[in-house]
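The following exercises concern a predicted model. Each consists of a task and a solution worked in steps.

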Amino acid sequence: MGQGDWNMTMLSEEVLAGRVGPVLSDGVALGDLIDLDRREVAFRVLSDPEIHRLELSRIWARSWVGVGHVAEIPNPGDFMLRHIGEDPVIVTRDREGALQILLNVCAHRGMEICWADEGNQSQFKCPYHGWVFDNAGNLLGAPFEHEMYGDWDKSQYGLRTAKVAQYHGRIFGNFDPNAMPLDEWLGDAAWYLDRAFPKGDPEWENLMSPRRWVVHANWKTSADNNSGDMYHGSSLHKSISELGPSFVSKEYAESPAVVEGLKVSTAMGHGIVGFNFGAMSGTKKYGDPDYYDLDGYTFACMVFPATFGIGSSWNQVVGEADGMPMVIAQNGALAPRGPGKFEMWTSSAVDKRVPVEMREMFTKPGLLDLAGVDDTEGWPSIQRTTSGGVANSETMKYNVRREPSPHLVGPDPVSSIRR
Ligand code: FES
Ligand SMILES: [Fe+2]
C-alpha cells in the first residue's frame, strides 16, 4: 500500500476482516493476530519489535497526530518540541505567523537541530557542523559554504516538513504529503467532537508548560484505554471515589437513576466514550446541556492514533462571560519510544477571560492527575506480562455485550451499557 491510500472505510471492521496484512518474519500474518469473531487480540501486538517498526512507517508517518495547542505558540518565532510517532518535530510559527511543523533532524547528517523544549527563534543552527535553517525549514547557509559546496542549490537541502491543520485550537501534523484533509480524517468522529466542544471558540491563552510522562508500556494500551475503556474506572480508579470528592455525588450513587456508558467506534479508528452521570456533583459543569449539545453526556474522544484531550470531559467550563461559557481545555497525545515505552504529554489552554483565581485551581494536581497515576502504574503491568513465554500467547478480550443507545443518535455504531 502506497502513500495516500487511506480512505474512509479502510479501517471499518468489514474491510479489516478481509485483510491478511503483512506477514511477519516467522510466517505469522498480522491479520491472524486479531480474531474478529471472538473479538480477541493477541498480546504479541504489544511487544513485537517487527510490528512496532511497521506501525512507525504505516501508521505514524501517515496519520494526523496532535502536537499541541495554538495557545502554546502565539507569536511568530515561538516554538516547542514534540513528536509525531518517534520522529522529533519542531512545532513553530514562521515570520508570517503561519504554523509550521519541521522534522527536528538535520538535513546534513541527522543531528537534532533544536535541543530546547520551547522558546522563540527565527533560525535554528545545528550544533554538529553548523548548518542554519529558518523556521519554515529552508536552509539559509552553512559554515565555509562556498569552500565546502561551491555554487549549490540550497533549496534542495531544507528540513522535512509536515502538513499542518487545526481543530478547535488543537494543532495536528501529518508527514504524508498526500494526506487527506484533517476534516476527512476525523470523519464521523467530527459529529461527536463538534457537539463535545462548548459553543463558540474562545481566544485562547496558554496556562502552563506541558506535563510529560514516560510510561513503560506499549502506546496502544494507552490509546485503547483513552478511546474506549470506561470499564476500568470502577476498579482501578476506585480509590479516587474513596478519597472523595467524587465525580459522582453520594445521592446519585445511591439513586436508582439510569447511568449509561456509550462507546462509539468510527471507520478511521477513532474512539468516543460517553457517560451520562445524571446528577453530577458540585462544581463540575461538563456535560451540562446548556453548554454542550449532548443531552447530559460527558465525552472523551481519542483521535486515532494518538490524540486525546478532546471532548467535554477534557474541557472544563468554569463560568460564563457575556452569556458564553468560559473554558479551560486540556490537550494531549502519545508518542511511542519502542514497543515497550511511550511518552504522554498534556497541556492546558484557557479562555482569556477566565479570572486568575480560577486558573490557579487548574495548575494544581487534580482528580485527572490521580487517575493518570493509577493508569500509568497499571499499564506497565500489562507490558511486563507480555514477555512471558506462556503469557505472550494469551489474548486481550473485547467481547463486551453491546446494545445501541436509545438516547443519543449519531453516526457509526454506538454501543451502550446501562445500569
Ligand atoms: S549534522 Fe547538522 S550540520 Fe552536520
Ligand atoms: Fe483511567
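**Exercise 1. Hairpins around β19**

Determine which residue takes a positive phi in the hairpin of β18 and β19, and which does so in the hairpin of β19 and β20.

Solution.
1. The hairpin of β18 and β19 has 2 residues between its strands, and Asp322 takes a positive phi near 50° there.
2. In the hairpin of β19 and β20, 5 residues lie between the strands, and Gly338 has a positive phi near 80°.
3. The pairing of strand β18 (residues 315-321) with β19 is antiparallel and comprises 6 bridges. Within it, Asn315 stands opposite Ala329 of β19.
4. β19 and strand β20 (residues 342-351) are also antiparallel, with 9 bridges; here Pro336 has Phe342 in β20 as its bridge partner.
5. A further antiparallel pairing, of 2 bridges, connects strand β17 (residues 307-310) with β19, and Thr307 faces Ala333 in β19.
6. As to exposure, 12 of the 13 residues of β19 are buried, so that the strand is mostly covered, buried being under 20% relative accessible area.

**Exercise 2. The iron site**

Identify the protein donors of the iron ion (ligand 2) and classify the geometry of its site.

Solution.
1. The protein donors are His232 (NE2), His237 (NE2) and, twice, Asp375 (OD), at 2.1 to 2.4 Å from the iron ion (ligand 2).
2. The 4 donor atoms of the iron ion (ligand 2) subtend angles of 56 to 143°. Four donors count as tetrahedral only if all angles lie between 85 and 135 degrees; the site is classed as irregular.
3. Along the sequence, the donor residues follow the spacing H-x4-H-x137-D.
4. Distant parts of the chain are thereby linked: His232 belongs to the loop between α6 (219-228) and α7 (233-236), and Asp375 to helix α11 (residues 367-385), with the two positions 143 residues apart in sequence terms.
5. Both His232 and Asp375 are buried.

**Exercise 3. Nonpolar cores and a cavity**

State how many residues the largest nonpolar core has, and which residues line the second largest cavity.

Solution.
1. The largest nonpolar core has 58 residues. Those with the most contacts inside it are Val91, Ile171, Leu182, Trp185, Leu334 and Phe342.
2. Strand β16 (residues 298-303) contributes the largest share of this core, 5 residues.
3. A second core, separate from the largest, has 15 residues, including Leu81, Ile90, Phe133 and Trp152.
4. There are 2 cavities of 30 Å³ or more, and the second largest holds about 30 Å³ of space.
5. Its lining is formed by Gly66, Val67, Gly68, Arg170, Ile171, Phe172, Thr307, Asn331, Gly332 and Trp345.
6. The elements giving two or more residues to this lining are β3 (65-69), β12 (170-174) and β19 (324-336).

**Exercise 4. An open sheet**

Give the order of the strands in the open sheet of 3 strands, and name its edge strands.

Solution.
1. The order is β1-β2-β21, with antiparallel pairing.
2. The edge strands, each paired on one side only, are β1 (34-35) and β21 (395-397).
3. Strand β2 (residues 40-42) is joined to β21 by 3 bridges in the antiparallel sense; Val41 has Met396 as its bridge partner in β21.

**Exercise 5. Backbone exceptions and a buried tryptophan**

Explain what sets the backbone at Phe144, His168 and Pro305 apart, and decide whether Trp131 is buried or exposed.

Solution.
1. The reference is this: most residues other than glycine have a negative phi, and most peptide bonds are trans.
2. Phe144, in the loop between β10 (139-141) and α3 (145-149), has a positive phi of about 50°. Phe144 counts as exposed because its relative accessibility is 62%, over the 50% cut-off.
3. His168 has a positive phi of about 45° and lies in the loop between β11 (161-167) and β12. Its relative accessibility is 22%, so His168 counts as partly exposed.
4. Phe304 and Pro305 are joined by a cis peptide bond, with omega about 0°; Pro305 is placed in the loop between β16 and β17.
5. Trp131 occupies the loop between β8 (123-125) and β9 (132-134). Its relative accessible area is 4%, and therefore Trp131 is buried.
6. From Trp131 to Ile113 the C-alpha to C-alpha distance is 8.8 Å, and the two are 18 residues apart in sequence.

Key:
Residues numbered from 1 in each chain as written. Chains lettered and ligands numbered in written order. Predicted model: local features only at pLDDT ≥ 70, side-chain atom pairs only at ≥ 80, totals over all residues. Heavy atoms only, no water. Core = buried A, V, L, I, M, F, W, Y, C linked by side-chain atoms within 4.5 Å. Buried < 20%, exposed > 50% of the residue type's maximum accessible area, 1.4 Å probe, protein only. Helix = DSSP H or I, 4+ residues; strand = E, 2+ residues; numbered from the N terminus. Donors = N, O, S within 2.8 Å, 3.2 Å for Na, K, Ca; no water. Tetrahedral: all angles 85-135°; square planar, octahedral: opposite > 155°, others 65-115°. Pairing = 2+ DSSP bridges. 1 Å grid on protein atoms, 1.4 Å probe; cavity = no way out; pocket = protein on both sides within 12 Å on 5 of 7 lines; lining within 4 Å. Points joined across faces, edges and corners; volume = space filled by probe spheres on them.
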